[in-house]
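Me: I'm new to this one and would like a close look at a single part, the sheet, along with what surrounds it. Could you walk me through it?

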Amino acid sequence: MTTEFIPPKVWTMDSESGGQWASINRPDSGARHEKTLAVGANPLQLHSLATPNGQKVTIMLEELLALGVKEAEYDAYLINIGEGDQFSSGFVDINPNSKIPALSDHSGDTPIRVFESGAILLYLAEKFGHLLPKDLITRTETMNWLFWLQGSAPYLGGGFGHFYAYAPEKYEYPINRFTMETKRQLDVLDKRLAYNQYLGGSEYSIADIATWPWYGNVVLNTVYEAAEFLDAASYTNVMRWAKEIEQRPAVQRGRIVNRVWGEEWEQLAERHSAADIDAVLSKKP
């Protein structure tokens, strides 16, 4: 027997909602404790965690370095969201929304803060002139897919991922609802990639860098352990694209930065130089 929930006239937070992230969720914003963020020697200062949103930026930075952009050197500091690091006064100064990743650019006279992962990718692409096509038609198509990802991924992560993998109990309605939407999104990607090597067309771009950590990781079964449940193998074009991008050296490097779980060779809490990543990857069997 189930009891239907009847919403009150005015919602109040009477207790934690349960689940993996319940202890940090509150209906207000702003700093909860005082802490100054560290500032390293490199021009770019990243404060993040290797979730899909965090991987977007570290992969982007490693791709820029692979292209020879020395000015893209960065320090990456760990923000442990389970411990509430994102609510420090220093982090909130960079991102008032208290979500990773957050970037501070110290290459000029006045530091520039950049928050929201899509905004960071666009900022870096425009700053350094790479990974964003310059002709109007291809640039626009690339931006279409970048914004598609920014609007779609919350249904995958906060919707499907939460109810399938993280919620304290399994509930049929939300799992069915968000599974349907996730599969619809995978179908959208599959049809696009049937006729294009990459999302923007023939050129690898920030649209792929933004999308792969979410949908690539899902079909490759490295997040949520839901590939079989979603019948990921049936999305053959998405799978081809995901495996191809997975093999890029910059992707393999960027995905381990600010990661503190998994195998020893894929954990790097902080990154301050290329040698830090080299040392971790050298442990890979």
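To start from the outside, how much area does the protein expose, and what share of it do carbon and sulfur atoms supply?

Reply: Sure, and keep in mind that this is a predicted model. On your opening question, the protein exposes about 14,600 Å², and carbon and sulfur atoms supply 53% of that area. As for what is tucked away, 48% of the 285 residues count as buried.

Before zooming in, here's the overall layout. There are 9 helices and 4 strands, and if you read along the sequence they come in the pattern β-α-β-α-β-β-α-α-α-α-α-α-α. The radius of gyration is 19 Å, close to the 19 Å that the globule rule gives for 285 residues, so the protein is as compact as a globular protein of that length. Along the principal axes, the C-alpha trace spans about 60 × 50 × 45 Å. Sequence-distant pieces meet a lot, too: take the contacts between residues at least 6 apart in sequence, and 65% of them join residues at least 24 apart.

Now for the sheet itself. It's an open sheet of 4 strands, and going across it you meet them in the order E2-E1-E3-E4, with mixed pairing. The edges are strand E2 (74-78) and strand E4 (112-115), each of which pairs on one side only. From one strand to the next, the twist averages 20 degrees.

Look at the E4 end. Strand E3 (residues 102-105) and E4 run antiparallel, and 4 bridges join them. If you'd like a pair to find on screen, try Asp105, whose bridge partner in E4 is Ile112.

Toward the other edge, a helix comes in. Helix H1 (residues 52-66) lies across strand E1 (44-48) and E2, and H1 runs at about 150 degrees to E1.

Follow H1 to Met60 and you land in the largest nonpolar core, which has 68 residues. Met60 is among the members that touch the most other members, together with Leu124, Ile206 and Trp241. Leaving aside residues up to four places away in sequence, Met60 touches Leu121, Leu124, Ala125, His130, Leu131, Ile206 and Ile209. There's also a second, separate core of 8 residues, including Leu49, Ile79, Ile100 and Ala102.

For a quick tour on screen, begin at edge strand E2, cross E1 and E3 to reach E4, then come back to H1 where it lies across E1 and E2.

Methods: Residues are numbered from 1 along each chain as its sequence is written. This is a predicted model: local features need pLDDT of at least 70, side-chain atom pairs count only at pLDDT 80 or more; totals for chains, interfaces and linings use all residues. Side-chain values use heavy atoms; hydrogens and water are left out. Two strands pair if DSSP finds at least two bridges between them. Helices (H or I, at least four residues) and strands (E, at least two) are DSSP runs, numbered from the N terminus. Axes are lines fitted to C-alpha atoms, for helices over the stretch in contact, and angles run from 0 to 180 degrees between N-to-C directions. Contact means heavy atoms within 4.5 Å. The radius of gyration is taken over C-alpha atoms; the globule rule is 2.2 Å times the number of residues to the power 0.38. Buried means under 20% relative accessible area, exposed over 50%, partly exposed in between (1.4 Å probe, protein chains only). Accessible areas come from the Shrake-Rupley method with a 1.4 Å probe; for residues, only the protein chains shown count as cover. A nonpolar core is a set of buried Ala, Val, Leu, Ile, Met, Phe, Trp, Tyr and Cys residues joined through side-chain atoms within 4.5 Å.
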